[in-house]
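Take a walk through this structure, one part at a time. Keep the 3D view open as you read.

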Amino acid sequence: MKIILMLLFPLIFSTDSYGQVISYNDFKSVIPILQKEDFKGAFDRTSKLQSTTQNDSSDLHGIITYMNLFSSAGMVTHDQMTHADYFKNAKKYIGHRLVMSSHPCIYSSATGYNSLQFVTIDGELIGKTIATNNAKTTIICFEYFTYTDQINPSEFIGKNVRCGGTLNSVEVNPTNSKVWISRLYIGNAFVRAL
């Protein structure tokens, strides 16, 4: 019996050290909460998933991380979190991988919320999205993507795409206004047609 326990002991610790990975069902469970704009419910659910899946480097984990940032910014719009508390939550994800919601990719000359546009700033081609609430009355996140690989915007215009990369920095509205909540700067970015 003592030998069996000695063999099981390392097995128990080795399975705990890998941790859980986020499943597709975990990801799907957050979507209806966000669709209802229950930002606190989405924040609580994604925070719990984050705490149990720290060693997960999958796209689903990156999506859950983004959902956590988005829902906490949404909480600011509903007076459920302060700008300072949002910033405290967001900055712990600096250096982490984010995978954003899918959006249509549109021409930079078009006006559009919740869509990706390629723009040139200071001679550099970047991707930009303006993520809003359902009513489009508040900008929850400006998202700026800096790509390391060459991007040909014409390959993506008119398609639904998903962007992601490494969160480099976060900026919170300096006036604590609710017109816009945050700016996310994502480096080592990618864009994928769906």
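What volume does the largest pocket have? In this predicted model, the figure is about 530 Å³. The lining of the largest pocket is made of 22 residues. Closest to the centre are Ile31, Leu34, Gln35, Phe70 and Ser101. Find those five, and you have found the middle of the pocket.

Which elements supply the lining? Four of them give at least two residues each: α2 (24–35), α4 (59–77), β1 (97–106) and β3 (124–132). Among these, β1 gives the largest share, with five residues. By class, the lining of the largest pocket holds eleven nonpolar residues, eight polar ones and three charged ones.

Now turn to the second largest pocket. About 200 Å³ of space lies in it. Its lining includes Gln50, Gln54, Asp56, Ser57 and Ser58. His61, Gly62 and Thr65 also line this pocket, as do Lys92, Tyr93, His96 and Arg97. Here α4 makes the largest share, three residues. The mix of classes in the second largest pocket is one nonpolar, eight polar and three charged residues.

Next comes the sheet. How many strands form the closed barrel? There are six, in the order β1-β2-β3-β4-β6-β5, and their pairing is mixed. Neighbouring strands are turned by 45 degrees against each other on average, if direction is ignored. Strands of a sheet pair through backbone hydrogen bonds, and the pairing can be parallel or antiparallel. This barrel has both kinds, as its pairing is mixed.

Go round the barrel, starting with β1. β1 and β2 pair in the parallel sense, over two bridges. Cys105 stands opposite Leu116 of β2 in this pairing. Then β2 (residues 116–121) meets β3. Six bridges join these two strands, which run antiparallel. Leu116 appears again here, now opposite Thr129 in β3. The two strands form a hairpin, with two residues between them. In that turn, Asp122 has a positive phi of about 50 degrees.

The step from β3 to β4 is also a hairpin, this time with six residues between the strands. Lys136 sits in the turn and has a positive phi of about 60 degrees. The strands β3 and β4 run antiparallel and share seven bridges. Thr129 is paired on this side as well: its bridge partner in β4 is Glu143.

Which way do β4 and β6 run, parallel or antiparallel? β4 (residues 139–147) and β6 (residues 180–193) are parallel, and seven bridges join them. Phe142 has Arg183 of β6 as its bridge partner. On the other side of β1, the neighbour is β5, which runs antiparallel to β1 over six bridges. There Arg97 is paired with Thr166 of β5. Arg97 is also one of the residues lining the second largest pocket.

Stay with β1 for one more residue. Ile106 belongs to this strand. Neighbours within four places in sequence aside, Ile106 is in contact with Thr111, Gly112, Ser115, Leu116, Gln117 and Ile157. Leu116 in that list is the residue that stands opposite Cys105. Ser154 lies 48 residues from Ile106 along the chain, yet their C-alpha atoms are separated by 9.8 Å.

Finally, look at the helices. α4 lies across β1, β3, β4, β5 (160–172) and β6. Against β1, α4 runs at about 80 degrees. Recall that α4 also helps to line the largest pocket.

How do the axes of α4 and α5 lie, roughly parallel or roughly antiparallel? The axis of α4 and that of helix α5 (residues 83–91) come within 9 Å and cross at roughly 175 degrees. Angles over 145 degrees count as roughly antiparallel, so α4 and α5 are roughly antiparallel to each other. On the α4 side, the contact is made by Asn68, Leu69, Ser72, Ala73 and Val76. On the α5 side, His83, Tyr86, Asn89 and Ala90 take part. The contact has five nonpolar residues, four polar ones and no charged ones.

Terms used: Residues are numbered from 1 along each chain as its sequence is written. This is a predicted model: local features need pLDDT of at least 70, side-chain atom pairs count only at pLDDT 80 or more; totals for chains, interfaces and linings use all residues. Side-chain values use heavy atoms; hydrogens and water are left out. On a 1 Å grid over the protein atoms alone, a cavity is a set of points where a 1.4 Å probe fits but cannot get out, and a pocket is an open set with protein on both sides within 12 Å along at least five of seven lines; lining residues have an atom within 4 Å of a point. Grid points are joined across faces, edges and corners, and a volume is the space filled by probe spheres set on the points. Helices (H or I, at least four residues) and strands (E, at least two) are DSSP runs, numbered from the N terminus. Ala, Val, Leu, Ile, Met, Phe, Trp, Tyr, Cys and Pro count as nonpolar, Asp, Glu, Lys and Arg as charged, and the others, Gly among them, as polar. Two strands pair if DSSP finds at least two bridges between them. Axes are lines fitted to C-alpha atoms, for helices over the stretch in contact, and angles run from 0 to 180 degrees between N-to-C directions. Contact means heavy atoms within 4.5 Å. Angles under 35 degrees count as roughly parallel, over 145 as roughly antiparallel, 65 to 115 as roughly perpendicular and the rest as oblique.
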